[in-house]
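Thanks for coming. I have one structure to go through today, so please have the sequence and the model open.

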Amino acid sequence: MIGIFTQIGWFVAVGCAAATTHWLVAIACVVSWQLPPLAANVVGWLAAFLVSFSGHYRLTFRQQRKSLATACGRFFLVSAAGFLINEFCYAWLLHVTDIPYDLLLAAILVAIALLTFILSRVWAFRSKAS
């Protein structure tokens, strides 16, 4: 039982680092390069993927370690699926609400985290069948 709490702790720490990276890069792209928020979101996700995969592979799911290539491919699929949900929700909510783009992005990043943890734990980093 202690193992799952440690894993969740690492997931939160790595996830916070990745979400912060995603958010800061996306906001910087809007402010510095005047990219539209949806385009900036793509750039932020790509930067965050590197932080997220590295941290989860080395820390969160180290005891479940798949080969680097297999884990990276699977986690990319998990991350991409989460990002597609993120982008769809972000686009829709930008259109139908008056919530500022930066706050809206932060809320969506938090909402996707649980799905990412579950899929990463049971599939992306799992080294053997349960």
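Disulfides first: there are zero in this structure. Keep in mind that the model is a predicted one. A disulfide, as a reminder, is a covalent bond between the sulfur atoms of two cysteines. Take C16, which belongs to no disulfide; the cysteine sulfur nearest to it is that of C89, 20 Å away. A pair would need its sulfur atoms within 2.5 Å to count as a disulfide. C16 has a relative accessible area of 45%, so it is partly exposed. C72 is also partly exposed, because its relative accessibility is 27%.

Next, the aromatic residues. How many aromatic pairs are there? The count is 14. One of them is F11 with F117: the ring centres are 4.8 Å apart and the planes stand at 70 degrees, so this pair is edge-to-face. F11 sits in helix α1, residues 2–33, and F117 in helix α4, so many positions along that the pair links distant parts of the chain, 106 residues apart. Are F11 and F117 buried or exposed? Both are buried.

A second pair is F75 with F125. Their ring centres lie 5.5 Å apart with the planes at 45 degrees, so the pair is tilted. This one also links distant parts of the chain, F75 being in helix α3 and F125 in the segment after α4, 50 residues apart. F75 is buried, because its relative accessibility is 1%. F125 has a relative accessible area of 0%, so it too is buried.

These four rings belong to one aromatic cluster, whose members include F11, F75, F117 and F125. Also in that cluster are W45, F49, F53, Y57, F61, F76 and F83.

F76 leads to the surface. This residue is found in helix α3, and at 36% relative accessibility it counts as partly exposed. F76 is part of a nonpolar surface patch, together with L77, I85, L114, L115, I118, L119, V122 and W123. The patch has about 780 Å² of accessible area together. Two elements give two or more residues to it, α3 (68–96) and α4 (101–124). Which element gives the largest share? That is α4, with six residues.

Let us stay with α4. Besides its patch residues, α4 has a buried set: L104, L105, I108, L109, I112, T116, F117, S120 and A124. In general, an α-helix has 3.6 residues a turn, so residues three or four places apart point the same way. There is also a kink in α4, of about 30 degrees, centred on A113.

On the other side of a long stretch of sequence is T20, which lies in helix α1. At 42% relative accessibility, T20 is partly exposed. The C-alpha atoms of T20 and A106 are 8.7 Å apart, while the two residues are separated by 86 residues along the chain.

Last, a backbone detail. Most residues other than glycine have a negative phi. Q34 is not a glycine, yet its phi is positive, at about 55 degrees. Where is Q34 found? It is in the loop between α1 and α2 (37–60). Q34 is exposed, because its relative accessible area is 58%.

That is what I had; questions are welcome.

Notes. Residues numbered from 1 in each chain as written. Predicted model: local features only at pLDDT ≥ 70, side-chain atom pairs only at ≥ 80, totals over all residues. Heavy atoms only, no water. Patch = residues over 30% accessible without salt bridge, like charges linked within 9 Å, V, L, I, M, F, W, Y side chains within 5 Å. Areas by Shrake-Rupley, 256 points an atom, 1.4 Å probe, with all protein chains shown as cover. Salt bridge = Lys/Arg side-chain N within 4 Å of Asp/Glu carboxyl O. Helix = DSSP H or I, 4+ residues; strand = E, 2+ residues; numbered from the N terminus. Buried < 20%, exposed > 50% of the residue type's maximum accessible area, 1.4 Å probe, protein only. Bend = angle between axes of the 7 residues up to and from the residue. Phe/Tyr/Trp six-rings, centres within 6.5 Å; stacked < 30°, edge-to-face > 60°.
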